[in-house]
Amino acid sequence: MKITRLIIVAVGGQGNLLASKMLGEAALSAGIPVHMSEIHGMAQRGGVVESSLVFGDAESTIISNGEADILLGFEPSETLRALNRCNKNSTVITSLAPIPPFTVAIGKGVYPDLDQLQKLIRSRTCKLIAFNALELAKQAGNIMSTNMVLLGALIQTNILPITTDQIKTAIKTKTKKIFLDVNLKAFDLGFEAALKFSEFKASR
Amino acid sequence: MHKLLQEQTGAKIMLLGNESIARGAIEAGVAFATTYPGTPSSEISLNLFQISQESDLYFEYSTNEKVSLEVAAAAANSGLRTLCMMKHVGLNVAADPLMTLAYVGVKGGLVIISADDPFMFSSQNEQDNRYYAKLSGLPMLEPSCVAEAKEMMVQAFDLSEKLQEPVIFRTTTRINHSSAFVDLGNIKPRIVKGHFERDPFNYVTVPAVSRNLHVKLLKNIKKAALESEASALNFINGDGPLGVICNGVSFSYVSDAVKDLKIADKLKVLRIGFSNPLPENLIKKFLADCLKVLIVEEGEPFLEEAVKAMAQEAGLTLEIKGKSDKLFSRLYEFDPAMVRTSIANYFDLPDRPGIAVSTDDLPEIPARPPNLCAGCSHRATFYEVKTAANEMGLDIICPTDIGCYTLGFLPPLSMGDFVICMGSSVSSACGFAKATDQKVVAFIGDSTFFHSGITGLINAVFNNHNITLVILDNSITAMTGHQPNPGVDMNNFNLSGYGQVKIQEIVKAAGVKHITMIKPFKVKKSISEIKKALEYKGVSVIISQEICSLYAKSIKQLSDRSFYITDKCKNHRDCINEIACPAFFLDADQVKIDAVACVGCAVCAQICPENAILPLPKKQS
């Protein structure tokens, strides 16, 4: 079975671990082997949270530099920071809603320019899907659903061996009832947002 | 019902490595479990703590790892299947009981988990605890993946009972914090009450007894070697003249490399899962069948040195390498591509070229270091001690300790000058105070104080050192995920039947004459109280009491009231420059407060020179 490697980067509290769990559940129901790894010791202290998911016949749970098929970034500067995990055939999906690190507020760094950031990623990888996931999460009804928006975009690319139905079932089993409608709406909005990128590319 | 208690034998579920280990213990019929929390082991104990609340499993958070192992030693010698878990550096604390418990042995199975942390994701060092197995003479098992961890845990209990010795179960972060599918097995019934057979001539380790017990231990090591030799946990994959010997997660990377490089017919892999004692005959036979061998192990050359010695004994002269400048480092952790490339280079095989995009010319991305949370009481205390010392013109040294508050060493607080291990703040303060004329102010958290700060404090009183100890009491073990400690009100966990130890009473009983209680969110009052403590010659203790804001939020004790910055702000930026709460951000060069992040501690409002920070009007509910 083909091996597909996915890296997710986020800032503590953005819900990437839950998104990873849902992908894991969906893979289980699809009968696809998956190995995941996460680093989250300092997550609640404002640090970076990274998960790696390896689908298919591999034993490793982590992904070396250059070996990610997809990089999913919940925060644009963190996406850029993880770019060395990609190769020229990688697809990058990123939210464009910045969460500036505190170092920026105390003048110990400059937040990268978003246009330049996108240009850089686009020039080195196969495809960039970039949009403001926070806005879509708000539109769905809850800023905490950013993770579902990005999950929608991820599934739309069709690179993972997971179908929309399988992931939606996983979302249903892993979401508290009162958040379910918002989460599913957020997923659909992210899916549609990513769809526009494939249409855009086709029309060019 | 807790998901790890489900009886559905054969069901496949997705588990975190630490959940898989906990499930393995449950399937083995573990009846008694002790720990002191420490990443990357924490979720094992968290799950067992939860399970103990709905079953007859006994679980305790002990005051430290030494206590935890001693409690476990008694339970196991009363015949119960017992699990004692800790992070790698915890085993240093428990090393004293470990060494002699190996002489004494156990009756019921005792498994000791050492969760090592290569790369130091959340630790002060990356020591390789495999040497503890060698040092103590105890058998050691090491899983290579999440699913195997569960199966191996059951085998560890069986092995411990068979050999009547504790078994060390050694993991690394990438086992603890990886997830994969796990097949559930049968749960053995728990036997929760034991009986201790008095046998002082085998249990009371006076020299005359220990001389016999050491003989017994050496016999047991021989028996364990036979077990290792016959164990299915040491196995060979593939075939060919080239050989790799590996352990733990490295086995996963090696397996992927063999597939990637398509060399299953050229290279055979000896996976060592039972790693002390090593299967000497198996290894010698493996070496004899190889032209060249590479040892793939993270950390120290534990296998490498042993394998080379075995080759010498067997009169074999083949090339054996592992750690070297051109191959593997003793530093940090491995990754799949690194292992693949090293295998290709060492055996002269074609490798897949590196394909990572170039990132040399990327703009500098601002660092995102972890930070004390918005509304963290430690921030307030650090600011107040710093201000008090500055106003008194004191040149201070701040030995600090292990917990969230270690982060106080970062600018702009910069309150933290020396840390080596749990409890070292107060004892190293004693040394600094005698060796220098500088004023010493040490910081320690509540859980760390109970863990190993008390003895240092008593030392300070007895030897009359001139130190101030600040105990940052946020009423929980915060860093590792809000575990209880002896100072915690267990009603917060909806649990009864626990005692509660007051830090103030301990400090008083230790003979400290100058004790100050402060509420750190009252800035002015705290600073003036701190000054009095700093003036005192001798041992003074400041207990700064305020609940962890994250914990308060999780138990719904937080009176959430956000603050905002009014247009009186003249951009002095004392708030950002002095206390650096992550709720602040800059918007068009003006400081703003993120109302979602702000928990309303009001510390910034008290230090703003323009009084420009005010509470938001209460939300209408």
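A residue is taken as buried here if 20 or more other C-beta atoms lie within 10 Å of its own.

**Figure 1. Chain A of the predicted model, its fold and its burial.** By that criterion, buried residues make up 56% of the 204 residues in chain A. The secondary structure of this chain comprises eight helices and six strands, which follow one another from the N terminus in the order β-α-β-β-β-α-β-α-α-β-α-α-α-α. Along the principal axes, the C-alpha atoms of chain A occupy a box of roughly 50 × 45 × 40 Å. Because a compact globule with 204 residues would have a radius of gyration near 17 Å, the 16 Å computed for chain A agrees with that expectation. Of the contacts in chain A with a separation of 6 or more, 67% join residues that are 24 or more positions apart.

**Figure 2. The side of chain A that touches chain B.** In this view, 47 residues of chain A are in contact with 45 residues of chain B. On the chain A side, at least two residues each are supplied by α1 (16–30), β2 (34–39), α2 (76–81), β5 (86–95), α3 (102–105) and α4 (114–124). The largest share, five residues, comes from β2(A). Sorted by class, the side of chain A that touches chain B holds 20 nonpolar, 19 polar and eight charged residues. For the complex the predictor reports an ipTM of 0.94 and a pTM of 0.96, while chain B has a mean pLDDT of 96, with 100% of its residues at 70 or more.

**Figure 3. The packing of α12(B) against α13(B).** Two packed helices are described by the angle between their axes and by the distance between those axes. Here α12(B) and α13(B), the latter spanning residues 302–313, pack at an angle of about 70°, and their axes are 10 Å apart. Angles of 65 to 115 degrees count as roughly perpendicular, and α12(B) and α13(B) are therefore roughly perpendicular to each other. From α12(B), the residues E280(B), I283(B), K284(B) and L287(B) meet V307(B), M310(B) and A311(B) of α13(B). The residues of this contact divide into five nonpolar and two charged, with no polar residue.

**Figure 4. Two cis peptide bonds in loops of chain B.** The bond that joins N276(B) and P277(B) is cis, with omega at about -10°, and P277(B) belongs to the loop between β12 (274–276) and α12 (280–288) of chain B. The helix on the C-terminal side of that loop, α12(B), is also the one shown packing with α13(B) in the preceding view. A second cis peptide bond runs from P411(B) to P412(B), with omega near 5°, and P412(B) is found in the loop between β15 (396–397) and α16 (424–435).

**Figure 5. Positive phi at Y332(B) and N494(B).** Although Y332(B) is not a glycine, its phi is positive, about 60°, and the residue lies in the loop between β14 (319–321) and α14 (336–346) of chain B. Y332(B) counts as partly exposed because it has 13 C-beta neighbours inside 10 Å. N494(B), likewise not a glycine, has a positive phi of about 55° and is placed in the loop between β17 (467–473) and α18 (503–509) of chain B. With 8 other C-beta atoms within 10 Å, N494(B) is exposed, since the cut-off for an exposed residue is 12 or fewer.

Conventions: Residues are numbered from 1 along each chain as its sequence is written. Chains are lettered from A and ligands numbered from 1 in the order in which they are written. This is a predicted model: local features need pLDDT of at least 70, side-chain atom pairs count only at pLDDT 80 or more; totals for chains, interfaces and linings use all residues. Helices (H or I, at least four residues) and strands (E, at least two) are DSSP runs, numbered from the N terminus. Axes are lines fitted to C-alpha atoms, for helices over the stretch in contact, and angles run from 0 to 180 degrees between N-to-C directions. Angles under 35 degrees count as roughly parallel, over 145 as roughly antiparallel, 65 to 115 as roughly perpendicular and the rest as oblique. Two residues are in contact if their C-beta atoms, placed from the backbone, lie within 7 Å. Ala, Val, Leu, Ile, Met, Phe, Trp, Tyr, Cys and Pro count as nonpolar, Asp, Glu, Lys and Arg as charged, and the others, Gly among them, as polar. The radius of gyration is taken over C-alpha atoms; the globule rule is 2.2 Å times the number of residues to the power 0.38. pLDDT is the predictor's confidence in each residue, from 0 to 100.
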